[in-house]
Amino acid sequence: MIRRCLQAVRRFIPHYHALFQDAVSQRGLAESPELWCSAHRSARGLSKMSLWPFSVSPRDFSQPNTSWNAEMQEVYDHYNALCEVKTEEGEKKGPWRKLPSYNRSLKYATGGVYLSKIIQSKARLFTRNIKEHGATFEYVVFMNKQEKRCVCAFQAGHLLEGPPGHVHGGAIATMIDTVTGTLAGYLAGPIMTANLNINYRSPIPLGSVVVLHSALDRTEGKKIFVTCRVTSTDESKLHTEATALFISVNMGHLFGT
Ligand SMILES: CCCCC/C=C\C/C=C\C/C=C\C/C=C\CCCC(=O)SCCNC(=O)CCNC(=O)[C@H](O)C(C)(C)COP(=O)(O)OP(=O)(O)OC[C@H]1O[C@@H](n2cnc3c(N)ncnc32)[C@H](O)[C@@H]1OP(=O)(O)O
């Protein structure tokens, strides 16, 4: 029985991938799980399928919460105001867009092996796996598609300690990977990080708020080069600089086909 199911899935997946790829490339970008899911839906030609492949609607972890300090809220308010601009005809979409952030990615990705249902059901996005507000990664990403860049306000929680009183370098790398990867994925569809190069210039105090400024440097075929600077919110202090290389992958890379 199980073997027959696996055979059916194996037969279905290559066909599915081609359709999925079309849907993603027509829409251009993997900007959020919602887009992934609507691509998934149109790939299957199912107009009434839910936008989200899980049973409950997801929580957007990038909404303001009580753990955010005033500085975090200020950066959020600043970019949020740029998402809508006032015109004579009323409000219309501005150049920035706040991206939602959920704690699960694709339900059916197996990483090349047939994951057990338990692992699949327990899998959570690394940066969103703690329920307690403010303990680890509090962040929100705003995207500017026209300028091919994004910013991320990041408030580093007390569980991210590395050097006493300061943020762990791995946690900073995680945020850089997340933000540059979000930009690359938004612009190019499914991607994986191939290279991340980081220079730590000055430590980030625990509990403080920094801004990650990420921009597309260039693309060369499958390669997407992205830069990132981590600064204080007024940009007077440079904390970290990085470059990242992402490679466009087809969905088979995640499904193991
Ligand atoms: C991925 C889809 C994700 C779906 C997400 C869905 C929803 C999203 C929802 C929320 C997500 C929110 C945030 C997440 C955002 C970002 C997450 C970060 C992503 C990661 O954290 S991901 C984990 C770490 N990542 C890996 O686990 C990769 C392991 N690795 C591989 O899987 C392969 O290695 C791969 C795919 C990288 C390449 O494999 P490949 O076979 O496709 O390409 P190939 O080797 O042919 O290289 C083609 C050309 O790139 C050059 N090249 C390759 N690697 C290079 C390197 N390192 N340095 C310099 N150049 C390099 C070659 O030299 C050649 O260049 P040329 O064409 O000029 O010869």
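Here are some short exercises with worked solutions on this predicted model.

**Exercise 1. Get an overview of the chain: how many helices and strands are there, and what share of the residues is buried?**

Solution. Start with the secondary structure: the chain holds six helices and nine strands. Next, turn to burial, where 26% of the 257 residues are buried. Finally, look at the contacts with a separation of 6 or more: 64% of them join residues 24 or more positions apart.

**Exercise 2. Find the annotated domain and describe its span.**

Solution. First, go to the record: an unreviewed UniProt entry annotates residues 165-236 as "domain: Thioesterase". Then describe that stretch in the model. Its content is 28% helix and 44% strand, and its end C-alpha atoms are 21 Å apart.

**Exercise 3. Work out which residues and elements surround the ligand.**

Solution. Begin with the shell, which has 22 residues, the closest being Gly181, Thr193, Ala194, Asn195 and Ile247. Now place the shell on the fold: two or more residues come from each of helix H2 (33-44), helix H5 (169-188), strand S6 (191-200) and strand S9 (238-248). Last, sort the shell by class, which gives 11 nonpolar, eight polar and three charged residues.

**Exercise 4. Which residues of the largest nonpolar core touch the most other members, and which element gives the largest share?**

Solution. A general tendency helps here: in soluble globular proteins, nonpolar side chains tend to be buried together. In this model, the largest nonpolar core has 43 residues, and those touching the most other members are Cys152, Ala153, Phe154, Met175, Val179 and Leu212. Several elements give two or more residues to this core, including helix H3 (70-81), strand S5 (149-156) and strand S7 (209-220). The largest share, 10 residues, comes from H5. To zoom in, pick Phe154: leaving aside residues up to four places away in sequence, Phe154 touches Tyr139, Met175, Val209, Val210 and Leu212.

**Exercise 5. Check the length of H5, and decide whether H5 is largely enclosed or not.**

Solution. Take the length first. At 1.5 Å a residue, the 20 residues of H5 should span 28 Å, and the end C-alpha atoms are indeed 28 Å apart, so the two values agree. For the surroundings, count burial: 14 of the 20 residues of H5 are buried, so the helix is largely enclosed by the rest of the structure. Then step past the end of the helix, where Gly189 follows with a positive phi near 85°.

**Exercise 6. Compare two non-glycine residues with positive phi: are Lys148 and Glu235 exposed or partly exposed?**

Solution. Locate them first. Lys148 sits in the loop between S4 and S5, and Glu235 in the loop between S8 and S9. Next, read the backbone angles: phi is about 50° for Lys148 and about 65° for Glu235. Now count neighbours. Lys148 has 16 other C-beta atoms within 10 Å, so Lys148 is partly exposed. Glu235 has 10, so Glu235 is exposed.

**Exercise 7. Place Pro205 and find what Pro205 touches.**

Solution. Pro205 belongs to the loop between S6 and S7. With 13 C-beta neighbours inside 10 Å, Pro205 counts as partly exposed because a residue is exposed at 12 or fewer and buried at 20 or more. Leaving out residues up to four places away in sequence, Pro205 touches Gly165 and His166. As a last step, measure across the fold: Gln155 is 50 residues from Pro205 in sequence, while their C-alpha atoms are 9.9 Å apart.

Definitions and conventions
Residues are numbered from 1 along each chain as its sequence is written. This is a predicted model: local features need pLDDT of at least 70, side-chain atom pairs count only at pLDDT 80 or more; totals for chains, interfaces and linings use all residues. UniProt positions are given in the numbering used here, feature names are shortened, and annotations may be inferred rather than shown by experiment. Helices (H or I, at least four residues) and strands (E, at least two) are DSSP runs, numbered from the N terminus. A residue is near a molecule or strand if its C-beta atom, placed from the backbone, lies within 6 Å of it. Ala, Val, Leu, Ile, Met, Phe, Trp, Tyr, Cys and Pro count as nonpolar, Asp, Glu, Lys and Arg as charged, and the others, Gly among them, as polar. A nonpolar core is a set of buried Ala, Val, Leu, Ile, Met, Phe, Trp, Tyr and Cys residues joined through C-beta atoms within 7 Å. Two residues are in contact if their C-beta atoms, placed from the backbone, lie within 7 Å. The expected span of a helix is 1.5 Å times one less than its number of residues.
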